[in-house]
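Visitor: I should like to take a close look at a single part of this structure, namely the places where its chains meet. Please guide me through them in a connected account.

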4 protein chains.
Amino acid sequence: MARVSRPIRSDICWSTPERIVVHGHDLPEELLGRIDFGQMAFLELTGRLPAAGESIVFNALLVALVEHGLSPSALVARMTYAGAPESVQAAVAAGLCGLGSVFVGSMDDAARMLRDALPAGRARDASDQRIEQIAAEVAADFHARRALVPGIGHPFHKPVDPRAPRLFALAAQHGLSGPYVKLVQRIAAACERLGGRTLPVNATGAIGAICCELDLPQTIIRGLGVMARAVGLIGHILEESRQPVGIELWRRAEDEAAEPHRAAARPPPPTA
Amino acid sequence: MARVSRPIRSDICWSTPERIVVHGHDLPEELLGRIDFGQMAFLELTGRLPAAGESIVFNALLVALVEHGLSPSALVARMTYAGAPESVQAAVAAGLCGLGSVFVGSMDDAARMLRDALPAGRARDASDQRIEQIAAEVAADFHARRALVPGIGHPFHKPVDPRAPRLFALAAQHGLSGPYVKLVQRIAAACERLGGRTLPVNATGAIGAICCELDLPQTIIRGLGVMARAVGLIGHILEESRQPVGIELWRRAEDEAAEPHRAAARPPPPTA
Amino acid sequence: MARVSRPIRSDICWSTPERIVVHGHDLPEELLGRIDFGQMAFLELTGRLPAAGESIVFNALLVALVEHGLSPSALVARMTYAGAPESVQAAVAAGLCGLGSVFVGSMDDAARMLRDALPAGRARDASDQRIEQIAAEVAADFHARRALVPGIGHPFHKPVDPRAPRLFALAAQHGLSGPYVKLVQRIAAACERLGGRTLPVNATGAIGAICCELDLPQTIIRGLGVMARAVGLIGHILEESRQPVGIELWRRAEDEAAEPHRAAARPPPPTA
Amino acid sequence: MARVSRPIRSDICWSTPERIVVHGHDLPEELLGRIDFGQMAFLELTGRLPAAGESIVFNALLVALVEHGLSPSALVARMTYAGAPESVQAAVAAGLCGLGSVFVGSMDDAARMLRDALPAGRARDASDQRIEQIAAEVAADFHARRALVPGIGHPFHKPVDPRAPRLFALAAQHGLSGPYVKLVQRIAAACERLGGRTLPVNATGAIGAICCELDLPQTIIRGLGVMARAVGLIGHILEESRQPVGIELWRRAEDEAAEPHRAAARPPPPTA
């Protein structure tokens, strides 16, 4: 019994010898020089160009995600570059591989938590009172399970992650502060009451909530972090090429790990 | 003999509990909502914010590099996502790994060819006549070696890669069409005379030349393609989640490759 | 408040200028020429050298996992190599990235299902009757949830995945066929009764069960597939360098996907 | 003009519902339980099963390459696992990405140097005198260019990399010590004379030479390191899951890099 073949289709981009069309827009004529890199990313993820306010807010989300200093992913990219400087692309790839459940995944988790609690179809009509109630339920549920609430609190930026209020202000200024922003803020407040300590929304919580406001697909919310970090990793690879740290870190780690074993293997000093 | 430890330094980004600073700019206050994603990428690569014209042209380079349809890197990302949908970051990483010497590397090669022929220190003072002469030498050298000239000609976009003239027009409009743009165009013209056929500058040639005009470091010119493609791959992963092609391609390939072996292993039909 | 530094430790391998020691064994003297590659893998995963029977069975698990023809991961490695032939390591890396929940992850899932149902501490003393009962409960649970049972059935190898009975026979021959092998076989039988169709244990189910018999850590069961496939991918990259398929697959996919768009963009034929 | 389609072919492995065949061998019947993991790797790379001596020596090459302690690739895999513990395969992939020109590539380079100096077709008939002469020329050429000779000398294992003499002894014992082993040893001796210091063949030099004796294809010599390291990385990921170092290394690096910037940003202490 032969397998039935299914067609190969893609509607993102097609070209002829004379033309290149992306989501219905002629790339050279309608996009180059007319939209910025963030707007192009929005087009890729939604199939349409962003309105003016969406463009500013979406660009801000990406800008917020580019740089995190000597993060694990930056160190990974730098060490990989140190071993394979001919493959800048592989150094970036290696750095991206760790953007999983522990780090960038909290954006996903925050957005999923918000959408699970307040499905998109009912979000526009949700009253403040209803949102407050949902927030209390979400916070109580995490509290009862002693689980970390995604997007709330920060181990280093205390008392406040300075990116979050700025992103919220931008969203409000451009008409993108709706039920999901409200919900994440109320969840944080409810967590603070339950936990008895300051637990404001962090950058990933703010980004997750604004992604919900922008109605971005859940599948690729983590993708915002991935694309932004690809930009940042190129910056770190460039610095590594001029001011290397990868080899030094390796040597320190290796020496420290080997020392107890080397010490145990050394002949004892001669006794008098 | 103990190893001498070297300090770990990085000057891209640092933070305190209250602040996050990127290349000297306060991230929340000075960058979020004030610059776009392309400007942030420029800041990462050069340590400074771009001027207005630089911003438009640099964004255009990135926008031009985002999307290439069902390219090998898009297919790789899609097939990887089909096997590990929980790891969007790994699907992007896999897709980036192939942006090497054959595809995106031609941007590097074009920029390197231009800078080798006309070092940055002498570029501003080079007369038209001198540039014409250098172009003739470069073209003759590649012709004698029967080597492909990076950034010239295109196997599909004929007679002209429509991105190249548009990028050149934007560079000219914003004061970024200098000696390297001239040089790559003259090299193409010289190649056409030697080859007896139409061989205009393609997108990677235009981008390579404009990267030289922007004085971007050679190490990370390929990085522009890598960061832009990371954006495009997220778009393809999203489409794959809705309209999959990865599994179908695999099955077709496997069936076609196995068929001769299966046929040879079948018992012959009974003869009458 | 300064962070308290934790020590960096690793006990796998250490060296001095004269010596290299892996899990307590002198690499040149005690391992090179004395153990095979599979035994070395066993040493890496368990910290000890395998007994003779363990060695044969563990090597067989790895050999079974090396090759899967033009699988998605092989196609990914081949397409990546086509774009970056200078980076064989990155082509392998790309191919491994897709060994996630859908493909190789079923080994993990099978082993986890078996250990969840029959914890290691109680496995040795479990009677046949108890194992039969557990199997019935597991099968009923999956059936009620209409979930796929990991390690059972195969979409292509019907009625029987020929690797499974051979691996079971080897395990039995070398004293490694215990409660987990029994359990996975009984689960398959229970599933067949519930489903009313032939659903034997497949290769990943057999491997998952034998990994439990070998008491391999759950964290890296998937790792057996990853290391074995790394070997297979090198084979595919070599064949790709001699008999390429990556570019052909790309062109077919791109042409098929673009055709409807190109057709719609063509001017209609002139009417008479 | 339509593109001419080329067939998709692969001769490594094919299957029917009942059978799986790898390089002409029935996988369950002829390979499982009969060959070890290293022999399977040899089959993948050469299309044939190794003779007894080849098997021992080839396995030894792989065993020698598995483990390097807290190497950059191990640290990369560990840091990646710390961020994405759900994706063991991506942690391995990240660790492999850096096995490029600087580290594992020296195996390639050594083999290429040997084959360039003594092509395979002429190797069997080369007299000792001829090999001595070639060695002197190779060493003089590298010396004149002040280039590092691949496979010679070691920054840490002094005076001798203990793996090299053991691998040479195994090759000799099994009839695989021919012209390439002789050549690399003579090159080392010539380098010592020119350099006036001890410069013995290191592990990558020995492996490169023995790969030439085994007539392994140049394309995938680096692949031996890649597949062996995939095994080692699984070991490190397992240890990382129990005894983590990735996060600690990150925090130390970040703190050290940020400190000068934080210090400069602190308000000066009040003067009396």
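Guide: What follows is an account of two interfaces and of the salt bridges.

The model is a predicted one. The size of an interface is often given as the accessible area lost when the parts come together. For chain C and chain B, about 2,500 Å² is buried in this way, and carbon and sulfur atoms give 68% of that area. The contact is made by 32 residues of chain C and 32 residues of chain B. Across this interface there are two salt bridges, together with 12 residue pairs in polar contact, counted where both residues have a pLDDT of 80 or more. On the side of chain C that touches chain B, at least two residues each come from α4 (72-83), α5 (88-97) and α13 of chain C. Helix α13 of chain C gives the most to this side, with nine residues. Sorted by class, the side of chain C that touches chain B holds 19 nonpolar, seven polar and six charged residues.

Side chains of opposite charge can pair when their charged atoms come close. One such pair joins B:Arg252 to C:Glu256 in a salt bridge, with the closest N and O atoms 2.7 Å apart. This pair crosses between chains: B:Arg252 belongs to helix α13 (residues 246-265) of chain B, and C:Glu256 to helix α13 (residues 246-265) of chain C. B:Arg252 has a relative accessible area of 24%, and therefore counts as partly exposed. C:Glu256 is likewise partly exposed, at 28% relative accessibility.

Helix α13 of chain C also holds a pair of its own. The side chains of C:Arg252 and C:Glu248 form a salt bridge at 2.9 Å, N to O. These two residues lie four residues apart in the helix, which is about one turn. C:Arg252 is partly exposed, with a relative accessible area of 24%, whereas C:Glu248 is buried, with a value of 7%. The latter counts as buried because its relative accessible area is under 20%.

A further salt bridge in chain C is formed by the side chains of C:Asp128 and C:Arg186, at 3.9 Å from N to O. C:Asp128 lies in helix α8 (residues 128-144) of chain C and C:Arg186 in helix α10 (residues 179-195) of chain C, so the salt bridge ties together parts that are 58 residues apart in sequence. Both partners are partly exposed: C:Asp128 has a relative accessibility of 40%, and C:Arg186 one of 23%. In chain A, a network of salt bridges links A:Asp128, A:Glu132, A:Lys182, A:Arg186 and A:Arg193. Over all chains, the count comes to 72 salt bridges.

The second interface lies between chain A and chain B. Here 88 residues from chain A and 89 residues from chain B take part in the contact. The two chains bury about 7,600 Å² between them, 67% of it on carbon and sulfur atoms. Zero salt bridges are found across this interface, but 29 residue pairs are in polar contact, again with both residues at pLDDT 80 or more. The largest share of the side of chain A that touches chain B comes from helix α12 (residues 221-242) of chain A, with 15 residues. By class, this side of chain A has 47 nonpolar, 19 polar and 22 charged residues.

Technical notes
Residues numbered from 1 in each chain as written. Chains lettered and ligands numbered in written order. Predicted model: local features only at pLDDT ≥ 70, side-chain atom pairs only at ≥ 80, totals over all residues. Heavy atoms only, no water. Contact = heavy atoms within 4.5 Å. Buried area = accessible area lost by both parts, 1.4 Å probe. Salt bridge = Lys/Arg side-chain N within 4 Å of Asp/Glu carboxyl O. Polar contact = N/O pair within 3.5 Å; in protein donor to acceptor, adjacent residues only side chain to side chain. Nonpolar A, V, L, I, M, F, W, Y, C, P; charged D, E, K, R; others polar. Buried < 20%, exposed > 50% of the residue type's maximum accessible area, 1.4 Å probe, protein only.
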